[in-house]
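Here are some friendly exercises, each with a worked solution. Try each task with the structure in view before you read on.

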Amino acid sequence: MNKLMRVLHVIPNFGPGGAERLLVNLLEEFDRDRFDAAAVSLYPETGTILEREIREKGIKVYYLNKRKGLDLRMIRELWCIFKDFRPDVIHTHLSVLRYALLPAFFCRIPVQVHTIHSIAQKEVDRVGKLIHWLAFRYVGVVPISISREVSVTVRNLYGHGIKTPVIYNGIPTRKFSAYSNRKDEDNNIILLHVGSFSPQKNHKVLIEAFALVVKECSKLRLWLVGDGELRSDIENLVAQKGLQSYISFLGIRADVAELLSQCDIFVLPSDWEGVPLTILEAMAAGKPVIATAVGGVPELVKDGETGILIPPQDTQALAQAILKLATNPEFGEQMGQTEQKLAQEQFDIARTAREYESLYLELLERRDKK
């Protein structure tokens, strides 16, 4: 009987982010006849939606007790786990490489990979960039980009000689196409935004554009899913503009697939992105997408075919795009059908998992030949 390849993922926590959601989906999708996959969360459990899902699905996760800020205890904690789990592959995410690099080196882990979940310039702080530069150039850690545009930013930041395989994010497309569309009882036109209330997502430009459009289309409603540092600022902006009856703050939700089935248009006016899972989810649900042409988004959304792309921070362009889809539902439905097929064919989580599995095997075989 062949030995299972042991893969250990390391991530800061399992909060409500795209990288965290992707990892849970991957851990569930990996071929268990060939891979023994588990994860480490540097922070302890806090009862998040993803943590509950992890328990329900029986996914193996080690939770550590990291303090906020720099916590060098994590180096020894990870060393102990690496010695216990004996992984063939360490796969790091987000900012954890600063803690995982030394224990992986001293435990002589055969293969180390790190997924870049956003454009490289925005992924980590200055210390993180220095550590990643050393890891990618001199230690042999393989950076994985989630889009072609992300791979360009990796080479621009860390050196044009860096080799960075591209593996696009994926989602369980069936989950988001399983719901039947339900029309609002008052025949309203529902816009949905899913994302943290952070500078990156630029809720401000969305509220300002919505304020312009609702004057011409009073049936519009905006649902905001998520939480974060800027939520109170955005709530104040909504109140200032007198839009409380048009905009709903729904908080962090576990039923995004059902909310997508109820909406008419998905909107994501971010200032920067990698490959946002929320856009893939909207595509799989067959909903027309309005998004900014940043990061890997233009590699998902074809302007005028599967959605509408706009420049970042352009209130007028966003307002015009919303009005165009709100007043031409047939156009939006056609877009939705096209992108749903595209999501199912190119962005299912099974494809993503198989590509990661193939990369692990390739890197391990290459290491064995040295």
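A residue counts as buried under 20% relative accessible area, as exposed over 50%, and as partly exposed in between. Keep in mind that you are looking at a predicted model.

**Exercise 1. A salt bridge and its two ends**

Task: Find the salt bridge partner of Lys3, and decide whether each of the two residues is buried or exposed.

Solution:
- Step 1. Lys3 forms its salt bridge with Asp88, and the closest N and O atoms are 3.3 Å apart.
- Step 2. Lys3 has a relative accessibility of 63%, so Lys3 counts as exposed.
- Step 3. Asp88 has a relative accessible area of 13%, so Asp88 is buried.
- Step 4. Now place the pair along the chain: Lys3 lies in the segment before strand 1, and Asp88 in the loop between helix 3 (73–85) and strand 4, so the salt bridge ties together parts that are 85 residues apart in sequence.

**Exercise 2. More charged pairs**

Task: How many salt bridges does the structure hold, and which parts of the chain does the pair of Arg354 and Glu29 link?

Solution:
- Step 1. The count of salt bridges is 18.
- Step 2. In one of them, the side chains of Arg354 and Glu29 meet at 3.6 Å, N to O.
- Step 3. This pair links distant parts of the chain, with Arg354 in helix 15 and Glu29 in helix 1, 325 residues apart.
- Step 4. Arg354 is partly exposed at 32% relative accessibility, and Glu29 is partly exposed at 28%.
- Step 5. For contrast in sequence position, look at Glu53 and Lys57, whose closest N and O atoms are 2.7 Å apart. Both lie in helix 2 (residues 49–57), four residues apart, about one turn of the helix.
- Step 6. A general rule helps here: an α-helix has 3.6 residues a turn, so residues three or four places apart point the same way.
- Step 7. Glu53 is buried at 12%, while Lys57 is partly exposed at 29%. Salt bridges with shared partners join Arg21, Glu28, Glu53 and Lys57 into one network.

**Exercise 3. Reading the sheet**

Task: In what order do the strands of the six-stranded open sheet lie, and which strands are at its edges?

Solution:
- Step 1. The order is 3-2-1-4-5-6, and the pairing is parallel.
- Step 2. Strand 3 (61–63) and strand 6 (142–145) are the edge strands, since each pairs on one side only.
- Step 3. On average, neighbouring strands of this sheet are turned by 20 degrees against each other, direction ignored.
- Step 4. At one edge, three bridges join strand 2 (residues 35–41) to strand 3. Here Ser41 stands opposite Tyr63.
- Step 5. Helix 1 (residues 18–29) lies across strand 1 (5–11), strand 2 and strand 4 (89–93), and runs at about 160 degrees to strand 1.

**Exercise 4. Into the core**

Task: How many residues make up the largest nonpolar core, and which helix gives the largest share of it?

Solution:
- Step 1. This core has 66 residues, and those with the most contacts inside it include Leu192, Phe266 and Tyr360.
- Step 2. Helix 15 (residues 349–369) gives the largest share, seven residues.
- Step 3. Beyond its neighbours within four places in sequence, Leu192 contacts several residues, among them Trp223, Leu260, Cys263 and Phe266.
- Step 4. Another core of 33 residues lies apart from the largest one, and includes Phe210 and Leu318.
- Step 5. Turn to helix 12 (residues 277–284): eight of its eight residues are buried, so this helix is largely enclosed by the rest of the structure. Gly286, with a positive phi near 75 degrees, follows helix 12.

**Exercise 5. Cysteines without partners**

Task: How many disulfides does the structure hold, and why is Cys263 not bonded to Cys217?

Solution:
- Step 1. A disulfide needs two cysteine sulfur atoms within 2.5 Å.
- Step 2. The sulfur of Cys263 is 15 Å from that of Cys217, the closest cysteine sulfur, which is too far for a bond. Cys263 is buried, at 2% relative accessibility.
- Step 3. The structure holds zero disulfides. Cys107 is in none either, with the nearest cysteine sulfur, that of Cys80, 8.7 Å away.

How values were computed
Residues numbered from 1 in each chain as written. Predicted model: local features only at pLDDT ≥ 70, side-chain atom pairs only at ≥ 80, totals over all residues. Heavy atoms only, no water. Buried < 20%, exposed > 50% of the residue type's maximum accessible area, 1.4 Å probe, protein only. Pairing = 2+ DSSP bridges. Helix = DSSP H or I, 4+ residues; strand = E, 2+ residues; numbered from the N terminus. Axes fitted to C-alpha atoms, helices over the stretch in contact; angles between N-to-C directions. Contact = heavy atoms within 4.5 Å. Core = buried A, V, L, I, M, F, W, Y, C linked by side-chain atoms within 4.5 Å. Salt bridge = Lys/Arg side-chain N within 4 Å of Asp/Glu carboxyl O.
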